[in-house]
Amino acid sequence: MKVLIACSSGGHLTQALALREWWGEHERSWATFPVEDARSRLAEEKVYEIHYPTVRNLPNLLKNFALARRVLAAERPDIVFSTGAAIALPFFTQARLFGARTVYLEPVDRITSPGLSGRLVYPFADEFLVQWEQMRQFYPGSRNVGVVL
(Lines give C-alpha, C1' and ligand atoms only; values in the text may rest on other atoms or scores of the structure.)
Protein backbone atom coordinates (compact mmCIF):
# COMPACT_ATOMS: atom_id res chain seq x y z
CA MET A 1 0.00 0.00 0.00
CA LYS A 2 1.21 3.50 -0.82
CA VAL A 3 0.50 6.27 1.67
CA LEU A 4 0.84 10.00 1.23
CA ILE A 5 0.95 11.87 4.54
CA ALA A 6 0.08 15.54 4.18
CA CYS A 7 0.47 17.60 7.32
CA SER A 8 1.81 20.82 8.72
CA SER A 9 4.98 20.81 10.79
CA GLY A 10 5.04 21.11 14.59
CA GLY A 11 2.23 19.38 16.47
CA HIS A 12 0.53 18.08 13.33
CA LEU A 13 3.75 16.38 12.28
CA THR A 14 4.25 15.05 15.81
CA GLN A 15 0.80 13.43 15.66
CA ALA A 16 1.60 11.83 12.29
CA LEU A 17 4.99 10.59 13.51
CA ALA A 18 3.29 8.98 16.50
CA LEU A 19 1.65 6.60 14.03
CA ARG A 20 4.98 5.24 12.75
CA GLU A 21 3.91 1.70 13.67
CA TRP A 22 1.20 1.99 10.99
CA TRP A 23 2.83 4.01 8.21
CA GLY A 24 6.24 2.46 8.72
CA GLU A 25 4.95 -0.75 7.16
CA HIS A 26 4.02 0.96 3.90
CA GLU A 27 5.63 2.73 1.00
CA ARG A 28 5.11 6.39 1.76
CA SER A 29 5.80 10.00 0.94
CA TRP A 30 5.14 13.22 2.82
CA ALA A 31 3.91 16.71 1.97
CA THR A 32 4.77 19.31 4.58
CA PHE A 33 6.29 22.72 5.25
CA PRO A 34 9.82 23.64 4.17
CA VAL A 35 10.95 24.32 7.73
CA GLU A 36 13.78 22.90 9.81
CA ASP A 37 11.45 21.05 12.17
CA ALA A 38 10.02 18.98 9.31
CA ARG A 39 13.30 18.66 7.41
CA SER A 40 15.17 17.27 10.40
CA ARG A 41 12.40 14.91 11.54
CA LEU A 42 11.79 13.56 8.03
CA ALA A 43 15.41 13.50 6.86
CA GLU A 44 15.21 9.85 5.78
CA GLU A 45 11.78 10.16 4.15
CA LYS A 46 10.60 11.20 0.68
CA VAL A 47 9.21 14.70 1.20
CA TYR A 48 7.42 17.19 -1.02
CA GLU A 49 7.69 20.70 0.36
CA ILE A 50 4.51 22.70 0.13
CA HIS A 51 4.15 26.44 -0.33
CA TYR A 52 4.26 28.16 3.04
CA PRO A 53 2.66 29.93 4.87
CA THR A 54 -0.78 28.44 4.27
CA VAL A 55 -2.90 30.23 6.87
CA ARG A 56 -5.08 32.83 5.18
CA ASN A 57 -2.72 32.99 2.21
CA LEU A 58 -4.77 32.61 -0.97
CA PRO A 59 -1.83 32.65 -3.43
CA ASN A 60 -0.13 29.78 -1.57
CA LEU A 61 -3.40 27.88 -1.26
CA LEU A 62 -3.79 28.02 -5.05
CA LYS A 63 -0.17 26.98 -5.56
CA ASN A 64 -0.73 24.07 -3.18
CA PHE A 65 -3.75 22.88 -5.19
CA ALA A 66 -1.49 22.66 -8.25
CA LEU A 67 1.29 21.04 -6.21
CA ALA A 68 -1.14 18.50 -4.73
CA ARG A 69 -2.28 17.53 -8.23
CA ARG A 70 1.34 16.96 -9.33
CA VAL A 71 2.21 14.98 -6.20
CA LEU A 72 -0.91 12.81 -6.44
CA ALA A 73 -0.21 12.14 -10.12
CA ALA A 74 3.42 11.23 -9.42
CA GLU A 75 2.84 9.12 -6.30
CA ARG A 76 -0.55 7.53 -7.01
CA PRO A 77 -1.14 6.77 -3.32
CA ASP A 78 -3.79 4.35 -2.13
CA ILE A 79 -4.39 6.50 0.94
CA VAL A 80 -3.94 10.20 1.64
CA PHE A 81 -3.65 10.66 5.40
CA SER A 82 -3.57 13.97 7.26
CA THR A 83 -3.47 15.35 10.77
CA GLY A 84 -4.05 18.88 9.41
CA ALA A 85 -3.88 21.66 9.03
CA ALA A 86 -4.62 23.70 5.90
CA ILE A 87 -2.46 21.55 3.62
CA ALA A 88 -5.00 18.73 3.91
CA LEU A 89 -7.58 20.56 1.80
CA PRO A 90 -5.77 20.60 -1.58
CA PHE A 91 -4.88 16.91 -1.24
CA PHE A 92 -8.27 15.70 0.03
CA THR A 93 -10.30 17.52 -2.60
CA GLN A 94 -8.31 15.91 -5.41
CA ALA A 95 -7.44 12.48 -3.99
CA ARG A 96 -10.43 10.67 -5.48
CA LEU A 97 -9.46 11.83 -8.97
CA PHE A 98 -6.38 9.66 -8.53
CA GLY A 99 -8.16 6.71 -6.92
CA ALA A 100 -6.97 7.44 -3.38
CA ARG A 101 -8.99 7.12 -0.21
CA THR A 102 -8.67 9.85 2.41
CA VAL A 103 -8.23 9.55 6.18
CA TYR A 104 -8.17 12.58 8.47
CA LEU A 105 -7.18 12.56 12.14
CA GLU A 106 -8.55 15.61 13.97
CA PRO A 107 -5.68 16.94 16.14
CA VAL A 108 -5.56 16.01 19.81
CA ASP A 109 -6.06 19.61 20.94
CA ARG A 110 -9.53 19.69 19.37
CA ILE A 111 -11.44 18.62 22.47
CA THR A 112 -14.66 20.63 22.59
CA SER A 113 -14.98 22.28 19.18
CA PRO A 114 -13.99 21.40 15.62
CA GLY A 115 -11.05 23.04 13.91
CA LEU A 116 -11.31 24.91 10.63
CA SER A 117 -9.27 22.35 8.71
CA GLY A 118 -11.40 19.49 10.01
CA ARG A 119 -14.59 21.27 9.00
CA LEU A 120 -13.21 21.95 5.52
CA VAL A 121 -11.95 18.42 4.79
CA TYR A 122 -14.78 16.50 6.50
CA PRO A 123 -16.91 16.31 3.32
CA PHE A 124 -13.92 14.86 1.41
CA ALA A 125 -12.78 12.35 4.06
CA ASP A 126 -13.53 8.68 3.51
CA GLU A 127 -12.62 8.08 7.16
CA PHE A 128 -12.70 10.84 9.77
CA LEU A 129 -11.02 10.08 13.08
CA VAL A 130 -11.33 12.02 16.33
CA GLN A 131 -9.40 11.64 19.56
CA TRP A 132 -12.14 12.62 22.00
CA GLU A 133 -15.61 11.07 22.19
CA GLN A 134 -17.34 14.46 22.49
CA MET A 135 -15.98 15.46 19.06
CA ARG A 136 -18.14 12.83 17.35
CA GLN A 137 -21.15 15.14 17.74
CA PHE A 138 -19.58 17.55 15.25
CA TYR A 139 -18.60 14.87 12.75
CA PRO A 140 -21.38 12.31 12.19
CA GLY A 141 -19.95 8.96 11.18
CA SER A 142 -16.54 9.73 12.65
CA ARG A 143 -14.66 7.21 14.74
CA ASN A 144 -13.04 7.89 18.11
CA VAL A 145 -9.56 6.33 18.11
CA GLY A 146 -8.49 7.78 21.47
CA VAL A 147 -5.51 10.00 22.10
CA VAL A 148 -2.60 9.51 19.70
CA LEU A 149 0.67 10.75 21.14
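Biologist: Which residues of α4 are buried?
Modeller: The structure is a predicted model. Helix α4 covers residues 58–75 and has 18 residues. Its buried residues are N60, N64, L67, A68, V71, L72 and E75.

Biologist: Within what arc do the buried residues of α4 fall, seen down its axis?
Modeller: An α-helix has 3.6 residues a turn, so residues three or four places apart point the same way. The buried residues of α4 line one face of the helix, because the arc that holds them, seen down the axis, is 135°.

Biologist: Which residues are exposed on the other side of α4?
Modeller: Exposed here means over 50% relative accessible area. On the side of α4 opposite the buried one, the residues that pass this cut-off are L58, P59, L62 and R70.

Biologist: Which elements do the buried residues of α4 pack against?
Modeller: Those buried residues include L67 and V71. Their partners are the strands and helix β1 (2–7), β2 (27–32), β3 (47–49), β4 (79–84) and α5 (88–95).

Biologist: Which residue caps the N-terminal end of α4?
Modeller: The backbone nitrogen of N60 has a side-chain oxygen 3.0 Å away. That oxygen belongs to the capping residue, N57.

Biologist: How are the rings of F92 and Y104 arranged, stacked or edge-to-face?
Modeller: The structure holds eight aromatic pairs. In the pair of F92 and Y104, the ring centres are 6.1 Å apart. Planes over 60 degrees apart count as edge-to-face. The planes of these two rings stand at 90°, so the pair is edge-to-face.

Biologist: Which residues form one aromatic cluster with F92 and Y104?
Modeller: Both F92 and Y104 are buried. The cluster that contains them is completed by Y122, F128 and Y139.

Conventions: Residues numbered from 1 in each chain as written. Predicted model: local features only at pLDDT ≥ 70, side-chain atom pairs only at ≥ 80, totals over all residues. Heavy atoms only, no water. Helix = DSSP H or I, 4+ residues; strand = E, 2+ residues; numbered from the N terminus. Expected span 1.5 Å × (residues − 1). Buried < 20%, exposed > 50% of the residue type's maximum accessible area, 1.4 Å probe, protein only. Arc of directions from axis to C-beta. Contact = heavy atoms within 4.5 Å. Polar contact = N/O pair within 3.5 Å; in protein donor to acceptor, adjacent residues only side chain to side chain. Phe/Tyr/Trp six-rings, centres within 6.5 Å; stacked < 30°, edge-to-face > 60°.
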